[in-house]
There are 2 protein chains.
Amino acid sequence: MTLAQKAYDALRHDIIRGELPPGRPLRLADLGERYGMGFSPLREALNRLQAERLVTAESLRGFRVAPLSLDELHDATSLRIVIETEALKASIKNGDDAWASGIVSSLYALNVQAARTGPEADIWTLEKRHHAFHRALLAGCNSPWTLEFFERLYAATERYRIPVLLASARPVGRDVQAEHGALAEATLDRDADKASVLLEQHYLRTVEDLAEVISSSKGVPLPVRQTV
Amino acid sequence: MTLAQKAYDALRHDIIRGELPPGRPLRLADLGERYGMGFSPLREALNRLQAERLVTAESLRGFRVAPLSLDELHDATSLRIVIETEALKASIKNGDDAWASGIVSSLYALNVQAARTGPEADIWTLEKRHHAFHRALLAGCNSPWTLEFFERLYAATERYRIPVLLASARPVGRDVQAEHGALAEATLDRDADKASVLLEQHYLRTVEDLAEVISSSKGVPLPVRQTV
DNA sequence: GCAACAGAAATTTTCGAAAATAAATGAAAT
DNA sequence: ATTTCATTTATTTTCGAAAATTTCTGTTGC
């Protein structure tokens, strides 16, 4: 693995987790210190991240962590619904046993982690398994372009969920794991219409909860307003 | 404009037009000669293009122009239909007068160019106006994410159309400009259902024609099969 | 006080060379 | 003839410094 790839992974990781907060200028000298490398691999990584909209760039003025906004959250969620309900239908149509098994196992792992309390309850493992579950649902769609856009939008929306998770703001009156279970069940039953509706509702509820918590700004250190 | 931006524009241009054919290794020494610059800006541009899937990269083995395949053409077209029919509906719902005017003017410019013959009939102007027309249709959707994916998929599918255009393989039994006209008319009439169907048919016919010409390979210098 | 400007400092961008790795070549052995 | 291995060549990757540009700071003039 080259240094440029390590830089890409590390920067992406730190941006998505909010360790590099939205709007933060990404100075090459700082990054070189932080990740222990020279400018070349860092600039290559930043260029990739710019193409993925996780970083913004301005000519001769360097790079910044891409800002967040409620508008973007709604936009990304709407598009996720369009793309993923279609991908889910395609998966239900085309998915084989390996695809179905993937859903079962990733749902199991997700539920196990969601049930943990105390020191084992770490949100990074939970988040990783949540991602794996949603990817498993669509894995049968047989469309590389769809899967790429899924990953892009997942990363984009993950940036909004993580600060809320970190503030341990639990959604009230909502059993997220039950939603995942019902979604998996309808999918494995090959009930495309039901599964699509459940997926859409899952995302709409999530964005509602997030928008609620973020706009009331109760204890969530989310710099939605970037004063440039 | 920095050299890295120039490199990005030039490489993107040459890849989409097929002047750098699919699968071609992109050696830094060659590119440095071709575009008159050093390695740094070239590598930055290549990293952006890699993120956009116009270029492939292998660790320590450099970059290549991304290959083409009929599978990818079908995949990209299917996803375009999903995303763009939805975006068109949203535009019809939200679009203002400026949006509608944009459709009228871009359609006019496209038709003018399509009618030209002789020395004025240049496919690059035609292609540019075709792109502008399709972008104008969706410009009212008010969704930056949708527009980004539109641009990605437009570029991806443009790579398949251009070799066919260059071989001046005219689609038989098809009046493409009439399709554009009908599509614009339904859109301006705010008939979302009709416009969506017309857009879908427009893409399905195009991919049919392309697949026909490409797989029969009649005079189309399209290296669909990349022997790596 | 503050606007305009000059100079200094900080920062990005680019180059040229060095280091690291892969690919090609050719000699030796079987 | 073919494989194996060492050597050379080609190529990518990375660094460190130079060049270009922006940003900051303090001074002058009003």
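Let's start at one spot on the DNA: a phosphate oxygen of DNA strand D sits 2.9 Å from a polar backbone atom of G38(A). Keep in mind that this is a predicted model. Chain B reaches the strand too. There, a phosphate oxygen of DNA strand D is 2.4 Å from an N or O atom in the side chain of R43(B), and a phosphate oxygen is 2.9 Å from a polar backbone atom of L60(B).

Now zoom out a bit. DNA strand D is surrounded by 20 residues, and the closest are L3(A), G38(A), S40(A), R61(A) and R43(B). Sorted by class, this surface has 10 nonpolar, five polar and five charged residues. Which elements each supply at least two residues of it? In chain A they are α1 (3-16) and α3 (39-51), and in chain B they are α3 (39-51) and β3 (62-65). And what part of the DNA faces the protein? Of the strand D atoms within 4 Å of the protein, 83% belong to sugar or phosphate, and the rest to bases.

Let's follow α3(B) away from the DNA and look at a helix packed against it. Two packed helices are described by the angle between their axes and the distance between the axes. Helix α1 (residues 3-16) of chain B packs against α3(B) at an angle of about 50 degrees, and their axes are 8 Å apart. The two helices are therefore oblique to each other, and their crossing is right-handed. By class, the contact between them has 11 nonpolar, one polar and three charged residues. Among them, L3(B), Y8(B), L11(B) and I15(B) come from α1(B), while L42(B), L46(B) and L49(B) come from α3(B).

Methods
Residues numbered from 1 in each chain as written. Chains lettered and ligands numbered in written order. Predicted model: local features only at pLDDT ≥ 70, side-chain atom pairs only at ≥ 80, totals over all residues. Heavy atoms only, no water. Near = heavy atom within 4 Å. Polar contact = N/O pair within 3.5 Å; in protein donor to acceptor, adjacent residues only side chain to side chain. Helix = DSSP H or I, 4+ residues; strand = E, 2+ residues; numbered from the N terminus. Nonpolar A, V, L, I, M, F, W, Y, C, P; charged D, E, K, R; others polar. Axes fitted to C-alpha atoms, helices over the stretch in contact; angles between N-to-C directions. Parallel < 35°, antiparallel > 145°, perpendicular 65-115°, else oblique. Left-handed = near helix turned anticlockwise from the far one by under 90°. Contact = heavy atoms within 4.5 Å.
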